[in-house]
Amino acid sequence: MIVVIDGPAGSGKSSTAKAVAAQLQIQFLDSGALYRVATLVYLNCQKDYRQFFDQLEESEISFYFKKKKFHAFLNGRDVSDDIRSMEVSESVSEVASNSEVRAYINDLMREVVKHDIYIADGRDLGTAVFPDAALKFYMIADLETRAKRRFNEVKAQGKDVTLDEVKQNIAQRDEKDSNRSSDPLKKADDAILVDTSEMTFEEQVAFISDKIEQLISSQKK
């Protein structure tokens with residue numbers, strides 16, 4: 001079973017999904033992290049698309065979720081911190097908008113969730129990747145709130161960045177994600193809207209956890 005949380009950058013979907021997975025003891029799948037790994041391959045290829053696609057096909061991308069952290073690996077090397085750099089953030093929307101990359105990552109995710117219960121976060125999971133997901137959420141928050149969240153996250157990693165730079169990056173990603181020709185960011189018709197602008201982290205985790213528990217309980221009857 002797969003539960004999905006979509007939404008724009010910085011809306012809180014990733015941290016919320018991790019907390020829900022830990023609380024309910026289910027698996028967590030970070031689709032955004034997988035696109036960031038692909039972006040790292042792109043940057044390693046000096047943004048040469050021909051070389052990039054060949055390299056991506058030959059690369060081994062693996063991951064696991066443990067102790068509330070999503071660990072991503074590229075050819076056996078832990079790149080969990082590398083993929084959160086501003087350099088990757090500035091190119092991830094470009095890479096993620098490519099139809100060949102999306103097909104590659106989507107196939108990877110669909111294969112993984114065939115077993116067990118997963119919760120995943122992304123931008124088009126409920127509309128393009130898992131249209132038949134058991135439960136869908138769409139998280140939003142105002143730009144200022146999202147920028148502050150991402151800024152604190154990046155600063156905690158010891159990165160040298162300003163709030164204005166983070167806000168500009170998120171605004172640019174919003175524009176690219178919402179207007180890309182391949183699977184643009186949008187709310188699925190049957191997704192539950194969750195505005196986290198005025199919600200505490202604990203409140204949003206509790207809200208989504210309750211919905212999932214209700215679903216699991218109903219399926220057992």
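Biologist: At 33% relative accessibility, how does Glu144 count?

Modeller: The model is predicted, so local features need pLDDT of at least 70 and side-chain atom pairs pLDDT 80 or more, while totals for chains, interfaces and linings use all residues. Residues are numbered from 1 along each chain as its sequence is written, and side-chain values use heavy atoms, leaving out hydrogens and water. Buried means under 20% relative accessible area and exposed over 50%, with partly exposed in between (1.4 Å probe, protein chains only). At 33%, Glu144 is therefore partly exposed.

Biologist: Which residue forms a salt bridge with Glu144?

Modeller: A salt bridge puts a side-chain nitrogen of Lys or Arg within 4 Å of a carboxyl oxygen of Asp or Glu. Here the closest N and O atoms are 2.7 Å apart. The pair links distant parts of the chain, 23 residues apart: Glu144 lies in helix H7 (residues 143-156), its partner in helix H8. That partner is Lys167.

Biologist: Which residues do shared salt bridge partners join into one network?

Modeller: Lys167 is partly exposed, at 24% relative accessibility. The network is built from salt bridges that share partners. Its members are Arg102, Arg123, Asp124, Asp177 and Arg180.

Biologist: How many residues does the largest nonpolar core have?

Modeller: A nonpolar core is a set of buried Ala, Val, Leu, Ile, Met, Phe, Trp, Tyr and Cys residues joined through side-chain atoms within 4.5 Å. Those with the most contacts inside this core are Phe52, Val101, Ile119, Phe130 and Ile212. Its largest share, 9 residues, comes from helix H2 (residues 31-44). The core's full count is 58 residues.

Biologist: Apart from that core, how many residues make up another core?

Modeller: Ala147, Val154, Val166 and Ile170 are among its members. The count is 6 residues.

Biologist: In what order do 5 strands form an open sheet?

Modeller: Strands (E, at least two residues) and helices (H or I, at least four) are DSSP runs, numbered from the N terminus. Two strands pair if DSSP finds at least two bridges between them. The pairing in this sheet is parallel. The order is S2-S6-S1-S7-S8.

Biologist: Why is one side of S2 and of S8 left without a neighbour in the sheet?

Modeller: S2 (27-30) and S8 (192-195) stand at the edges of the sheet. One side of each stays free because each has a single partner strand.

Biologist: What angle does the direction of H2 make with that of S2?

Modeller: Axes are lines fitted to C-alpha atoms, for helices over the stretch in contact, and angles run from 0 to 180 degrees between N-to-C directions. Contact means heavy atoms within 4.5 Å. H2 packs on the sheet, touching S2 and strand S6 (118-122). The angle with S2 is about 40 degrees.

Biologist: Which residue in the turn between S3 and S4 has a positive phi?

Modeller: Strand S3 (residues 61-66) and S4 pair in the antiparallel sense over 6 bridges. They form a hairpin with 2 residues between them. The phi is about 50 degrees, and the residue is Lys67.

Biologist: How many residues of strand S4 are buried?

Modeller: S4 spans residues 69-74 and is mostly covered. One of its residues, Ala72, is the bridge partner of Phe63. The buried count is 5 of 6.
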